[in-house]
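This briefing introduces one protein model to a first-year reader. Please consult the sequence and the structure while reading the points that follow.

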Amino acid sequence: MTGEKRNPPFGLDIPFDEALLRFARVDPKDLNPAAPARFQQIERMPPSVHTWQKNLSATDAQQETSGGLVPYLRLTSGSLAVGDFQTWFRNEMFGAVAWQAGQFGKKPVEEAYVPFTVIVQGLNIGTIAFRVTHDDTRQNSNNAPNTWLHWPSQMESILHNNDFSGRPVVLTRDDTGLFTLEIQ
């Protein structure tokens with residue numbers, strides 16, 4: 001929690017599917033001319049497919065709870081059957097992305113901007129850059145996961161206005177190094 005006061009979410013006076021189709025047709029460069037500069041070059045990775053999923057909690061899905069909203073998806077063990085989820089996301093799933101020094105609040109973290117193809121209930125929204133942060137000491141406080149996927153403003157709007165609590169979210173990195181985030 002950042003303690004920031006949030007504006008109330010906007011409402012839609014058109015069906016959700018129509019709004020998503022309109023949103024998908026918008027060129028992100030028209031919305032934020034600085035956005036392309038935030039994309040980091042991704043090295044080509046060896047052939048492999050990494051997939052992870054979990055059901056979105058109300059907090060993950062940006063729905064009001066007694067604990068308040070957090071603007072990120074905590075990357076927990078989820079569907080991982082092997083390996084330590086505290087290091088797997090940093091070293092395996094996002095191992096070849098361009099990590100750099102960053103900050104979360106006043107704390108130093110490692111961060112990367114990763115382009116994801118986003119699919120919401122079968123509708124391809126397009127490619128959106130997500131900020132991913134990693135801090136090896138997060139687990140020291142309540143065993144919090146070390147790696148977080150921060151919701152960009154486009155996703156926050158979709159999540160605020162549609163309750164996807166309990167629905168699976170699936171992250172995939174394919175054998176060419178491309179990432180997909182799907183909310184089923």
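Accessible areas come from the Shrake-Rupley method with a 1.4 Å probe. On that basis, the accessible surface of the protein comes to about 10,000 Å², and carbon and sulfur atoms account for 50% of it. The model is a predicted one.

**Overall composition**

- The protein has 184 residues, of which 42% are buried.
- Its secondary structure consists of five helices and eight strands.
- Along the sequence, these elements follow the pattern α-α-α-β-β-α-β-β-β-β-α-β-β.
- Of the contacts between residues at least 6 apart in sequence, 61% join residues at least 24 apart.

**Strand S4 and its partners**

- Strand S4 comprises residues 107–120 and runs antiparallel to strand S3, residues 100–104, with five bridges joining the two.
- One of the pairs in this arrangement is Gln-100 with Glu-111, the latter being in S4.
- S3 and S4 form a hairpin with two residues between them, and Gly-105 in the turn has a positive phi of about 65°.
- Strand S5, residues 123–134, is also joined to S4, here by eleven bridges in an antiparallel arrangement.
- Ala-112 has Val-132 of S5 as its bridge partner.
- S4 and S5 likewise form a hairpin with two residues between them; in this turn, Gln-121 has a positive phi of about 50°.
- Strand S8, residues 179–183, pairs with S4 in the parallel sense over five bridges.
- In the pairing with S8, Val-118 stands opposite Leu-181.

**Helix H5**

- Helix H5 spans residues 153–161, and its residues Met-155, Glu-156, Ile-158 and Leu-159 are buried.
- These buried residues fall within an arc of 165° when H5 is seen down its axis, so they line one face of the helix.

**Salt bridges**

- Side chains of opposite charge can pair when their charged atoms come close.
- The count of salt bridges in the model comes to four, and the points below describe some of them.
- Asp-60 and Lys-54 form a salt bridge in which the closest N and O atoms are 2.9 Å apart.
- Residues under 20% relative accessible area count as buried; Asp-60 is therefore buried at 2%, and Lys-54 is buried at 13%.
- Lys-107 forms a salt bridge with Asp-135, with the closest N and O atoms 3.1 Å apart.
- Because Lys-107 lies in strand S4 and Asp-135 in the loop between S5 and strand S6 (147–150), this pair ties together parts that are 28 residues apart in sequence.
- Which partner of this pair is buried, and which is partly exposed? Asp-135 is buried, with a relative accessible area of 8%, whereas Lys-107 is partly exposed at 41% relative accessibility.
- Arg-131 and Glu-111 meet through their side chains in a salt bridge, at 2.8 Å from N to O.
- Arg-131 lies in strand S5 and Glu-111 in strand S4, so this pair ties together parts that are 20 residues apart in sequence.
- Both Arg-131 and Glu-111 are buried.

**Drawing the points together**

- Glu-111 appears in two of the topics above: Glu-111 is the bridge partner of Gln-100, and the side chain of Glu-111 meets that of Arg-131 in a salt bridge.
- Strand S4 is joined to S3 and to S5 in the antiparallel sense, while S4 pairs with S8 in the parallel sense.

Definitions and conventions: Residues are numbered from 1 along each chain as its sequence is written. This is a predicted model: local features need pLDDT of at least 70, side-chain atom pairs count only at pLDDT 80 or more; totals for chains, interfaces and linings use all residues. Side-chain values use heavy atoms; hydrogens and water are left out. Two strands pair if DSSP finds at least two bridges between them. Helices (H or I, at least four residues) and strands (E, at least two) are DSSP runs, numbered from the N terminus. Buried means under 20% relative accessible area, exposed over 50%, partly exposed in between (1.4 Å probe, protein chains only). Contact means heavy atoms within 4.5 Å. The arc is that of the directions from the helix axis to the C-beta atoms.
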